[in-house]
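Me: I am new to this structure and would like to learn how its features get their labels. Could you take me through them one by one?

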Amino acid sequence: MLSDHIKYIGQLKKIVSNEYNGKIINIMISGSDLFGFRSEDSDTDFRGCFQIKTNKLLTTRQPRDFIEYKIMKEGMTVKDTDKHDVYDKETVLDELGKEIGLLLAGNCNHWEHLTADQLITSTEHREMRKIFEKQMNLDGIYNSYRGMAMQNYKKFILGGKHTVKKYLYVLRGLMACAWVLNEGTIQPNIDIIATEYDSSVVKELIDLKKRGQEKDPVNKNLNRYNKEVDYWFKYVDTLAEDIPTIEQKETEERRNILDNWLHNTRLHYLDGFN
């Protein structure tokens, strides 16, 4: 598995360098691996950030601010792309400027990408992480996690898709939200959170997912699972009432630190700059 990842990341490095004239800032493994419920048929999702050569930003041709790269499972073809689970590996890398904007807004997925264990890191990634750990937008992260959970709730649970995986999608967002509001740190692994909060219902769902029963309907347990979801929605909303307000002056001071860092980082990746 590790040698396979190394080969794949080698391909990514070439793509970023040759096709986008950039460099990788960080890469981590997201998806079910990060969320704590990987099963035998799970694919591998890579996420991270790249920095484009600054010269490319100083033209009338605005470059793409993300890279997407996918490898299909053996035996799959382009004709199968309308099906689920056709990819073995999927990667999305966002350009540094876009990544910073999403982090500032409190996008929960990108906070997970920033703080998780990394396959590739860099000086830029470590510096960025250090800055943002002192500038955590709790209100934005709360709204992002809760919004993700509500979107999945409406799409799947209210939409009649009562499967193990869909309930986990909803509960993971809510429980990760509760964790960051309580602890002030990012914890995307729902298995760890369920153990810490002693949630037998969620542990049960995780066990079913890991045993390959993620698409199984849970009609016999709808009441229990729906009560669990209701509890976590109410709990995170209660916690959010105590999110501290950041004064405008402090917001500007934090933004200036990040602006200066990005300015210097861009300059150091500009051809001809001494």
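Me: What makes Asp-198 count as exposed?

Reply: Asp-198 has a relative accessible area of 69%. Exposed means over 50%, buried means under 20%, and partly exposed lies in between (1.4 Å probe, protein chains only). The 69% of Asp-198 is therefore in the exposed class. Before we go on: this is a predicted model, in which local features need pLDDT of at least 70 and side-chain atom pairs count only at pLDDT 80 or more, while totals for chains, interfaces and linings use all residues. Residues are numbered from 1 along each chain as its sequence is written, and side-chain values use heavy atoms, with hydrogens and water left out.

Me: Where is Asp-198 found, and what is its phi?

Reply: Asp-198 is in the loop between helix 8 (190–196) and helix 9 (200–210). Helices here are DSSP runs of H or I with at least four residues, strands are runs of E with at least two, and both are numbered from the N terminus. The phi of Asp-198 is near 55°, a positive value in a residue other than glycine. Most residues other than glycine have a negative phi.

Me: Which loop holds Asn-21, and why is Asn-21 called partly exposed?

Reply: Asn-21 sits in the loop between helix 1 (2–20) and strand 1 (22–30). Its relative accessibility is 32%, so Asn-21 falls in the partly exposed class. Asn-21 also has a positive phi, near 50°, and is not a glycine.

Me: How do you know that the chain is as compact as a globular protein of that length?

Reply: Start with the make-up of the chain, which comes to 11 helices and 4 strands. The radius of gyration is 20 Å, and the globule rule gives 19 Å for 274 residues; the two values are close, so the chain is as compact as a globular protein of that length. The radius is taken over C-alpha atoms, and the rule is 2.2 Å times the number of residues to the power 0.38. Along the principal axes, the C-alpha atoms fill a box of roughly 65 × 55 × 30 Å. Of the 274 residues, 47% count as buried.

Me: What makes a group of residues a nonpolar core?

Reply: The members must be buried Ala, Val, Leu, Ile, Met, Phe, Trp, Tyr or Cys residues joined through side-chain atoms within 4.5 Å. The largest such core here has 58 residues, and Met-128 and Tyr-145 have the most contacts inside it. Helix 7 (residues 164–183) gives the most to this core, with 13 residues. A second, separate core has 15 residues, including Tyr-8 and Ile-67.

Me: Which residues does Met-128 touch, beyond those up to four places away in sequence?

Reply: Met-128 touches Ile-25, Leu-96, Ile-100, Leu-103, Leu-114 and Trp-261. A contact means heavy atoms within 4.5 Å. With neighbours within four places set aside, Arg-129 is in contact with Leu-114, Thr-115 and Ala-116. Arg-129 belongs to helix 5 (residues 123–133), and its relative accessible area of 26% makes Arg-129 partly exposed.

Me: Why is the pair of Tyr-153 and Phe-233 called edge-to-face?

Reply: Rings of Phe, Tyr and Trp (its six-membered ring) pair if their centres lie within 6.5 Å; planes under 30 degrees apart count as stacked, over 60 as edge-to-face and the rest as tilted. By this rule there are 13 aromatic pairs. Tyr-153 and Phe-233 are 5.7 Å apart, centre to centre, with 70° between the planes, so the pair is edge-to-face. Tyr-153 is in helix 6 (residues 138–157) and Phe-233 in helix 10 (residues 222–240), 80 residues apart. Both residues are buried.

Me: What angle lies between the planes of Tyr-231 and Trp-232, and which of the two is buried?

Reply: The planes of Tyr-231 and Trp-232 are 80° apart and the centres 5.2 Å apart, an edge-to-face pair. Trp-232 is buried at 2% relative accessibility, whereas Tyr-231, at 45%, is partly exposed. Both belong to one aromatic cluster with Trp-179, Tyr-197 and Tyr-235.

Me: How do you know that Lys-166 lies over the face of Phe-156?

Reply: A charge sits over a ring if NZ of Lys or CZ of Arg is within 6 Å of the ring centre and within 35 degrees of the ring normal. Lys-166 lies over the face of Phe-156, at 4.2 Å from the ring centre. Lys-89 lies over the face of Tyr-8, at 5.8 Å from the ring centre.
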